[in-house]
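Reader: I would like a close look at a single part of this model, with every cut-off stated where a term is used. Please set out the charged pairs and whatever surrounds them in one connected account.

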Amino acid sequence: MKRIRAIAASILASGALILGGLVPVGTASADTYVSYDVTRLSAGNLVMSDYECKNTDVRMTHRGTNADEWSVMAEVSRNGAVTSYADFGTDGDRSKTRVQVCIYSGFGKYTIGPSRVSVNTYDFSGYKSFTDYTRGSFYVRAKARTQLGAARHGRSVRLTARAQRYNPDKFGYTAYNPTARLQVKSGRHWKNLRTVRLHGGRAAVTVKSKAKRTYRVTFGQVSWATGATSRSVRR
């Protein structure tokens with residue numbers, strides 16, 4: 001008789017465990033009921049040409065299930081130092097917001113994320129707060145500019161390239177030393193003549209040319225400065 005009672009007690013206990021797993025929607029089984037996943041963070045690049053602050057649009061996409069209320073606070077940082085936050089949520093910007101970046105925070109790559117995420121249900125049974133490690137990035141670059149001078153001497157042309165970039169430490173433009181391409185126009189296209197590295201913001205090259213031709217100098221962007229192309233000159 002004692003053995004029968006023990007078996008019956010065991011069956012009842014097993015049934016209670018099984019029934020305990022069938023918790024109605026919106027109750028303590030929130031780990032499987034409420035979910036939220038940031039899938040993408042992105043922002044527009046910025047170019048600085050003065051001692052200033054500028055806004056950039058930050059966009060966020062996500063996957064979520066039955067979260068009545070949610071918020072996402074994404075860090076915006078450079079070289080590991082947080083400069084601002086991008087905030088999203090049911091009570092504000094849901095997919096696009098603006099953050100301000102000031103020139104004293106520096107040039108280069110900025111990282112968006114990780115994010116602090118909070119989700120909840122209206123009855124407060126599904127509250128969760130966690131860190132989402134999705135990351136995005138954008139770049140803040142100094143404005144660069146260039147010009148080309150040309151002087152003919154008989155059958156030769158002396159080309160002088162100059163470049164500058166905005167320098168917040170000097171509150172203006174200073175010499176810039178990119179690797180640049182001197183080009184000549186051939187038909188409707190530009191052909192590379194020479195690749196030069198500027199020093200002190202300047203480089204000079206002499207080329208042979210009997211007839212007048214059209215020249216320009218150009219260089220590409222890097223993580224912290226824009227590219228630039230000069231006006232063309234004909235000599």
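What is the relative accessibility of E52, and as what does E52 count on that basis?

Author: E52 has 22% relative accessibility and so counts as partly exposed, where buried means under 20% relative accessible area, exposed means over 50%, and partly exposed lies in between, with a 1.4 Å probe and protein chains only. The model is a predicted one, in which local features need pLDDT of at least 70 and side-chain atom pairs count only at pLDDT 80 or more, whereas totals for chains, interfaces and linings use all residues. Residues are numbered from 1 along each chain as its sequence is written, and side-chain values use heavy atoms, with hydrogens and water left out.

E52 belongs to a salt bridge with K54, whose closest N and O atoms are 3.9 Å apart; a salt bridge here is a side-chain nitrogen of Lys or Arg within 4 Å of a carboxyl oxygen of Asp or Glu. K54, with a relative accessible area of 29%, is likewise partly exposed. The count by this rule comes to 3 salt bridges.

Another of these bridges joins R98 to D57, with the closest N and O atoms 3.1 Å apart. This pair links distant parts of the chain, since R98 sits in strand β6 and D57 in strand β3, 41 residues apart; strands (E, at least two residues) and helices (H or I, at least four) are DSSP runs numbered from the N terminus. The accessibility of the partners can be set side by side: R98 is exposed because its relative accessible area is 59%, while D57, at 22% relative accessibility, counts as partly exposed.

R63 and D37 also form a salt bridge, and here the closest N and O atoms are 2.6 Å apart. Again distant parts of the chain are linked, with R63 in strand β3 and D37 in strand β1, separated by 26 residues. R63 counts as exposed because its relative accessibility is 54%, and D37 is partly exposed with a relative accessible area of 25%.

The link between β3 and β6 also has a covalent counterpart, for C53 in strand β3 and C102 in strand β6 form a pair 49 residues apart, and their sulfur atoms, 1.9 Å apart, make a disulfide, defined as a pair of cysteine sulfur atoms within 2.5 Å. A disulfide is a covalent bond between the sulfur atoms of two cysteines. The dihedral about the S-S bond of C53 and C102 is 105°, and the link is right-handed. By this rule the count comes to 1 disulfide. C53 counts as partly exposed because its relative accessibility is 37%, whereas C102 counts as buried at 8%.

The strands that carry these pairs also contribute to the nonpolar interior. The largest nonpolar core holds 27 residues, of which Y36, M60, V72, F88, F138 and V140 touch the most other members, a nonpolar core being a set of buried Ala, Val, Leu, Ile, Met, Phe, Trp, Tyr and Cys residues joined through side-chain atoms within 4.5 Å. At least two residues of this core come from each of several strands, among them β1 (35–43), β3 (53–65) and β6 (96–102). A second, separate core has 22 residues, including A144, A150, Y215 and A228. Returning to V72, and not counting residues up to four places away in sequence, its contacts (heavy atoms within 4.5 Å) include Y36, V38, M60 and F88.

V38 leads on to a loop residue, T134, which lies between β8 (128–132) and β9 (136–142). T134 counts as buried because its relative accessibility is 19%. The side chain of T134 reaches the backbone oxygen of V38 at 2.7 Å, and a polar contact of 2.8 Å joins the side chains of T134 and D132; a polar contact is a pair of N or O atoms within 3.5 Å, where within protein one atom must be able to donate a hydrogen and the other to accept it, and residues adjacent in sequence count only if both atoms are side-chain atoms. Apart from neighbours within four places in sequence, T134 is in contact with residues including V38, T39, G113 and P114. The peptide bond from G113 to P114 is cis, with omega near 5°, and P114 has its place in strand β7.
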